[in-house]
Amino acid sequence: MRMLDEILDFNEKFVSEKKYEEFTTTKFPNKKMVILTCMDTRLVELLPRALNIRNGDVKIVKNAGALIMHPFGSIMRSLLVAVYQLQAEEVAIIGHYDCGMSGMKPDIVIEEMKKRGVSDDMLNTLNYSGIDVKEWLHGFDNVKDSVAHSVEIVKNHPLMPKDVPVHGLVIDPSTGRLDQVIDGYEK
């Protein structure tokens, strides 16, 4: 069975048996927080349990590496929407150890792209258009430094209210242990 068919079959049963009722909540986070974290599969259930959060408690934004690459990109927009429209009063950036973005080699990714049909001409066109594909694909060397960098982008963003604490944490994807990088309450 194809994955989409499996998902749709399960979903039909999920809805017909009203299993969604236990997840009923509002769009506003009970704990008044928005979290930016990594899309790593090990964090799907571990992160909420390690932080004692349940459905409806927080807004969670995910991307590769919990990175904010551009101060006016979609990640920053999501954090601002959470604060201005969805009643989030605090922001937490949570990276993790053993992240795939740590030490990621753009050349390896580009070679994989080529194997899947992306041409040198396309890559050259992007580079000539001002997009440094290698830089765009670059991850980070140190997760704590990366988290601190993202915290600084959020904290110093011209549209982020200055009274919003921005915390930086790193989670161990094996144990759920949190290491504090930045305490957002300290000015």
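**Strand β1 and the two largest pockets**

In this predicted model, strand β1, which spans residues 33-38, is largely enclosed by the rest of the structure, because six of its six residues are buried, each having under 20% relative accessible area. The strand is joined to β2 by six bridges, and the two run parallel; within this pairing, C38 of β1 stands opposite N63 in β2. The connection between these two strands passes through α2, and the resulting β-α-β crossover is right-handed. β1 also pairs with strand β3, comprising residues 90-96, again in the parallel sense and over five bridges. In this second pairing, the bridge partner of T37 is I94 in β3. Strand β1 is thus paired both with β2 and with β3.

Two elements of this arrangement recur in the description of the pockets. The largest pocket has a volume of about 420 Å³, and of the 13 residues that line it, F23, P48, I53, R54 and N55 are the closest to its centre. The elements that contribute two or more residues to this lining are α2, covering residues 43-51, and β2, covering residues 58-63. The largest share, four residues, is that of α2, the helix through which the chain crosses from β1 to β2. With regard to chemical character, the lining of the largest pocket is made up of six nonpolar, three polar and four charged residues.

The second largest pocket holds about 320 Å³ of space. Its lining consists of 15 residues, among which N63, L67, M69, H70 and W136 lie nearest the centre of the pocket; N63 is also the residue of β2 that stands opposite C38. At least two residues of this lining are supplied by each of α3, which spans residues 74-85, and α6, which spans residues 133-137. The largest share here, three residues, comes from α3. The lining of the second largest pocket divides into 10 nonpolar and five polar residues, with no charged residue present, whereas four charged residues take part in the lining of the largest pocket.

Taken together, the pairings of β1 and the pocket linings involve β2 in two ways, in that β2 is joined to β1 by six bridges and gives two or more residues to the lining of the largest pocket.

Methods
Residues numbered from 1 in each chain as written. Predicted model: local features only at pLDDT ≥ 70, side-chain atom pairs only at ≥ 80, totals over all residues. Heavy atoms only, no water. 1 Å grid on protein atoms, 1.4 Å probe; cavity = no way out; pocket = protein on both sides within 12 Å on 5 of 7 lines; lining within 4 Å. Points joined across faces, edges and corners; volume = space filled by probe spheres on them. Nonpolar A, V, L, I, M, F, W, Y, C, P; charged D, E, K, R; others polar. Buried < 20%, exposed > 50% of the residue type's maximum accessible area, 1.4 Å probe, protein only. Pairing = 2+ DSSP bridges. Right-handed = clockwise from strand over helix to strand, strands pointing away.
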